[in-house]
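Biologist: I would like a close look at one part of this protein, the buried interior. Please take me through it step by step.

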Amino acid sequence: MKKRQVVIIGAGASGMTAAIMAARNGAAVTVLEQNEKPGKKICATGNGKCNFSNLAMPEDAYRGRHPEFVKDAFERFSVKDTVEFFKELGIFPLDRNGYLYPRSNQAQSVVDVLCMEASHLGVKIKTNEQVTAIEPARNSNNFQILTRGWHYEADALILATGSKASSISGSDGSGYELAKSLGHHIIPVYPALTALKCKGNSYKGWAGVRTEGRISLLVDNELCSYQQGELQLTEYGISGIPVFQLSRYAICAVKTGKKAVLKINFLPECTVDEVKELLHQRKKDCPYKNEKELLTGLFPEKLINVLTSQKNLISAITEYTLEVTDGLSFSQAQVCSGGVDTSEIVNETMESRFCPNVYIVGELLDIDGTCGGYNLQWAWSSGAAAGIHAAKEYKR
């Protein structure tokens, strides 16, 4: 019996998972990758250590117009399934407060075991192959996939090209055009999990400072969200994990003509009244100190200089205000917001509602996760769901 021919465009996290699952379910699988080797973006994750999943699953871990879309894929291939999958392949998970890493502390290990398993299953990985078009096949297959140098025919096709985010070559957004050519609608794509540029040019004074704080985002004067943790102050504005978590909302707001304002509390463990009392007590204890000297021991020196230059010191400490003008570029973002509209995808299988036997997975969809391994977990889960289903002959 002839095997079902599955072609996957993209050899990243979702593509490689889909390839393995499709091959395990009896398909003949070919992966087309435009880079010179698979998994380049995986190797860059977690500062090269690969935070591949997370044991916690908060309600706000995923964003998009329909964040609930992820639920069915996670029921089919959960965090537990992911851990077992990688254990079988040879990755021993290291648990750091719920954040999961390979015990080797090397992202390359994850890529290596995926490639080993794919090779063992007979998956063909064709590198330096850039797909230019998808057309109806000329024979009994469903699709003909054209590249610059060849063409491939497939019964089922999985788009796993990733998003425009990352400085890794190949993160060019070509997958969006392929999805559009098949009739899909693309939710506007913007950088996410990135730093924010702010109005003005007076930030050189605090550049390089790292400090704890709580940062709130207001969109058109309405509180959108807030985060707390280590902030990184930059010459163009602000960065750090809390900022990354808010960035998709701030950038979307600015791009759609709304006003995005950040308010920073540099002493979130105290109320405003407690900050006033704290400064009063410090002055009482050391009456010889000036205003800057009173803040020594509370904040880094550079930040003290900025805070004391403001008209109201208490307000500067508890709600320092910045207006967002933009985020950094796609090449400096970890992921993107936006992508293929998930209302056009069958959430249990990742199959297109428009094109039977076409599946769209991972970052190409309008789903983006927060920092902490959530985007890779989405890649594993959506890729697995698509791979399992694409291997089975199916007619709607």
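Biologist: To begin, what percentage of the residues of the chain count as buried? Then please look closely at the buried interior and what meets there.

Modeller: This is a predicted model. Of the 396 residues in the chain, 55% count as buried. The chain has 12 helices and 23 strands. Its C-alpha trace spans about 90 × 45 × 35 Å along the principal axes. The accessible surface is about 18000 Å², and carbon and sulfur atoms account for 47% of that.

Now the interior. In soluble globular proteins, nonpolar side chains tend to be buried together. Here, the largest nonpolar core has 83 residues. The members that touch the most others are V29, F86, L114, L159, M350, W378 and W380. Helix α12 gives this core its largest share, 10 residues. A second, separate core has 38 residues, including I215, L279, V306 and L313.

Start with W378. Leave out residues up to four places away in sequence. W378 then touches Y62, F69, V70, A73, F74, M350, G362, L365, I367 and G383.

M350 is on that list, and M350 is also one of the core members that touch the most others. M350 sits in the loop between β20 (345-346) and β21 (351-352). Its relative accessible area is 0%, so M350 is buried. The backbone deserves a look too. Most residues other than glycine have a negative phi, and most peptide bonds are trans. M350 is not a glycine, yet its phi is positive, about 70°.

C50 offers a second case. Its phi is near 65°, again positive in a residue other than glycine. C50 is found in the loop between α2 (40-44) and β3 (53-54). With a relative accessible area of 0%, C50 is buried.

Next come the rings. A pair of aromatic rings is described by the distance of the centres and the angle of the planes. The structure holds 12 aromatic pairs. Take F85 and F86. Their ring centres are 5.1 Å apart and their planes meet at 70°, so this pair is edge-to-face. Both residues are buried. F86 also pairs with W380. That pair is edge-to-face as well, with 4.8 Å from centre to centre and 70° between the planes. F86 lies in helix α4 (residues 79-89) and W380 in helix α12 (residues 374-390), so the pair ties together parts that are 294 residues apart in sequence.

How covered are these two? F86 has 1% relative accessibility and counts as buried. W380 has 0% and counts as buried too. Ring pairs join F52, F77, F85, F86 and W380 into a cluster.

Follow the chain past α4 and the picture changes. G90 is in the loop between α4 and β5 (93-96). At 54% relative accessibility, G90 counts as exposed. In space, G90 is 6.7 Å from V113, C-alpha to C-alpha, although 23 residues separate them in sequence. Another ring appears in this stretch of the account. The charged end of R96 sits over the ring of Y101, 4.7 Å from its centre.

Back inside, look at A179. It belongs to helix α6 (residues 174-181). A179 is buried, with a relative accessible area of 0%. Set aside its neighbours within four places in sequence. A179 is then in contact with L159, H184, I186, V340 and I360. L159 is one of the core members that touch the most others. A179 and V340 are 161 residues apart in sequence, but 7.3 Å apart in space, C-alpha to C-alpha.

Such long links show up in the contact count for the chain. Among contacts between residues at least 6 apart in sequence, 72% join residues at least 24 apart.

Last, the cysteines. The number of disulfides is zero. A disulfide needs two cysteine sulfur atoms within 2.5 Å. C371 is buried, with a relative accessible area of 11%. The cysteine sulfur closest to that of C371 is in C336, 14 Å away, too far for a bond. For C270, the closest cysteine sulfur is in C286, at 17 Å, which is also too far for a bond.

Definitions and conventions: Residues numbered from 1 in each chain as written. Predicted model: local features only at pLDDT ≥ 70, side-chain atom pairs only at ≥ 80, totals over all residues. Heavy atoms only, no water. Buried < 20%, exposed > 50% of the residue type's maximum accessible area, 1.4 Å probe, protein only. Phe/Tyr/Trp six-rings, centres within 6.5 Å; stacked < 30°, edge-to-face > 60°. Helix = DSSP H or I, 4+ residues; strand = E, 2+ residues; numbered from the N terminus. Lys NZ or Arg CZ within 6 Å of the ring centre and 35° of its normal. Contact = heavy atoms within 4.5 Å. Areas by Shrake-Rupley, 256 points an atom, 1.4 Å probe, with all protein chains shown as cover. Core = buried A, V, L, I, M, F, W, Y, C linked by side-chain atoms within 4.5 Å.
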